[in-house]
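This report describes how the strands, helices and empty spaces of one protein are arranged. Please keep the sequence and the structure in view while reading.

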Amino acid sequence: MTVSTSALESLRVLLVEWTAKNVKATSLADIEVAAVAVQRTCGQVVAETALLRAGKEETYLGSSVKCTCGGKAWFVDYRGRRVATVVGVVRVERAYYRCKACATGQLPWDREQGLDEQLWSPKVKALVAEVCAHLAYGTAVKLLERISGVRLEESSAEGIVLAVGTRLRQDEDQKTSHYESVPERATPPAERSGRLYVGLDAAKAHIDGGWHDVKVATLYEAKPDSVGRDHPSEVQYCAAQEGSDGFGRRLYAQARERGLDHYSECVVIGDGAEFIWNQASQHFPGATQVVDFWHASEHIWSLSRTLYGEGSAQGKRWAQERVRSLKEDGPKPLIRAIKRRKPANMREREELRLQLGYFTKNRARMNYPAYRARGMMIGSGPVEAGCKTVVCHRLKQSGMRWSGPGSNAVLAVRTAVLSQQFARIEQFARAA
Ligand SMILES: [Zn+2]
């Protein structure tokens, strides 16, 4: 229920007259300051007036309501409270009920609106969570106040993120258990289409006094462009500080929710890390496994630095040619070249041995010419690059130290924001 166009038009007429009388500013900057003051006052007045009226009409639910204890709670009177909304702090009066059996007070309206004892409305909490998903708490609260007039302490913002993030996480956990108990559908091949990509990675963050692995994943489907090459769409992020098995199950549930059983192919992209392929085999057994091309290229560059020295022009040419060949011919020529290479010292010998192991172990996941011929993405795109930034940009700013619950809450909110799940954030910004 919003405001009608004609009602807004009559407000406009009133404001024109009011402005002519009351706004004396002439410079652009002064006019902007005046306009913002009016905007905030108007918003606050509208919210408070409408809420006070609703308080009388909407919050009274009869002389008694059902109490959670099973008994009856009787209407006592109207009680006032303040709510911090997106347009400022407002007062509201709502019906108060009391149950004699269990001696507890009931405020049905608060519960219905998703309010708890805290001052903030769910919309404010969602806004705070969204901004804090991008920025450090201290920066976030300052920016919020400057842009929206919403004022709160850094510790309050942290508390909101912890609450919203924890609820988002609980929702994920419920889905994880749910999809484990519901088997995948045997969708006939004719009804399947498109590819679902699952990108897996890990990053380190300082949590509970030490550096811990944070697992990160991206889920996206790919729509082919005019020449049949996949392009990512609806990228969804998932991140948690937890063990491989827990994360594998979490990711599987999210893939199921996106309709895993309706895609004709699932592609798991990762760096060479063992945990990725273990989880891929367990939860996505039919998936095509691909080593992210950017990661593979990094290994070539690392080898080139050892063999030719940092910044060497010859080394640069060698690496560029090897990267090109890996993409166009696959890993065989590269593996041959590494085997043929005579090490000049122990350091070279060790690096050659390591890289030979890496490329040999992952050779079946580096059939880049075949993947490209099928229009598949081979990584190194914005999605794989973005994988780590999910963690690093928020959790790894200088000096940042996290608690386990604190980091997981912020990761839950951040991944929801980056996945554009704004309705979901607002849903879980409501008090349970
Ligand atoms: Zn009761």
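Two strands are said to pair if DSSP finds at least two bridges between them. With 3 bridges between them, β1 and β2 are therefore a pair, and the two strands run antiparallel. The model described here is a predicted one.

## Overall division

The protein is divided into domain 1, covering residues 54–113, and domain 2, covering residues 295–365. A distance of 69 Å separates the C-alpha centres of domain 1 and domain 2.

## The sheet of four strands

One open sheet is built from 4 strands in the order β1-β2-β3-β4, with antiparallel pairing. Its edges are formed by β1 (64–66) and β4 (104–106), each of which pairs on one side only. From one strand to the next, the twist averages 50 degrees.

Within the pair of β1 and β2, V65 has A73 of β2 as its bridge partner. The hairpin of β1 and β2 has 5 residues between the strands, and in this hairpin G70 takes a positive phi near 100 degrees.

How many bridges join β2 to β3? There are 12 bridges between these antiparallel strands. The hairpin that β2 and β3 form has 2 residues between the strands. Two examples show how residues face one another across this pair: T85 stands opposite G88 in β3, and R82 stands opposite R91 in β3. Helix α2 lies across β2 and β3, and its direction runs at about 15 degrees to β3.

## The sheet of five strands

Another open sheet has 5 strands in the order β7-β6-β5-β8-β9, and its pairing is mixed. Why is one side of β7 and of β9 left without a neighbour in the sheet? Strands β7 (230–240) and β9 (288–291) stand at the edges and have a single partner strand each, so one side of each lacks a neighbour. Neighbouring strands of this sheet are turned against each other by 25 degrees on average, direction ignored.

Strand β6, residues 210–224, is joined to β7 by 9 bridges, and the two strands run antiparallel. One of the paired positions links A222 with its bridge partner P232 in β7. Helix α7, residues 244–257, packs on the sheet and touches β5 (195–207), β6 and β7. The direction of α7 makes about 140 degrees with that of β7.

## The largest pocket

Rolling a probe the size of a water molecule over the atoms shows where empty space is left. The largest pocket contains about 970 Å³ of space. It is lined by 26 residues, of which A47, A50, L51, Q113 and K123 are the closest to its centre.

Which elements give two or more residues to the lining of the largest pocket? They are α2 (28–58), β2 (72–85), α3 (108–113) and α4 (122–134). Helix α2 provides the largest share, 11 residues. Sorted by class, the lining of the largest pocket has 14 nonpolar, 6 polar and 6 charged residues.

## The second largest pocket

The second largest pocket has a volume of about 420 Å³. Of the 23 residues in its lining, G88, S148, G149, V150 and R151 lie nearest the centre. G88 has already appeared as the residue in β3 that stands opposite T85.

The elements α2, β2, β3 (88–99) and α5 (137–148) give two or more residues to the lining of the second largest pocket. Here α2 again gives the most, with 4 residues. The classes in this lining are 11 nonpolar, 7 polar and 5 charged residues.

## Cavities

The structure holds 2 cavities of 30 Å³ or more. The second largest cavity has a volume of about 40 Å³. The residues that line it are Q118, K125, G159, I160, A163, V164, R167 and A429.

Which helix supplies the largest share of the lining of the second largest cavity? Helix α6, residues 154–181, supplies 5 residues. By class, the lining of the second largest cavity divides into 4 nonpolar, 2 polar and 2 charged residues.

Note on methods. Residues numbered from 1 in each chain as written. Predicted model: local features only at pLDDT ≥ 70, side-chain atom pairs only at ≥ 80, totals over all residues. Heavy atoms only, no water. Axes fitted to C-alpha atoms, helices over the stretch in contact; angles between N-to-C directions. Contact = heavy atoms within 4.5 Å. Domains from an automatic or database assignment. 1 Å grid on protein atoms, 1.4 Å probe; cavity = no way out; pocket = protein on both sides within 12 Å on 5 of 7 lines; lining within 4 Å. Points joined across faces, edges and corners; volume = space filled by probe spheres on them. Nonpolar A, V, L, I, M, F, W, Y, C, P; charged D, E, K, R; others polar.
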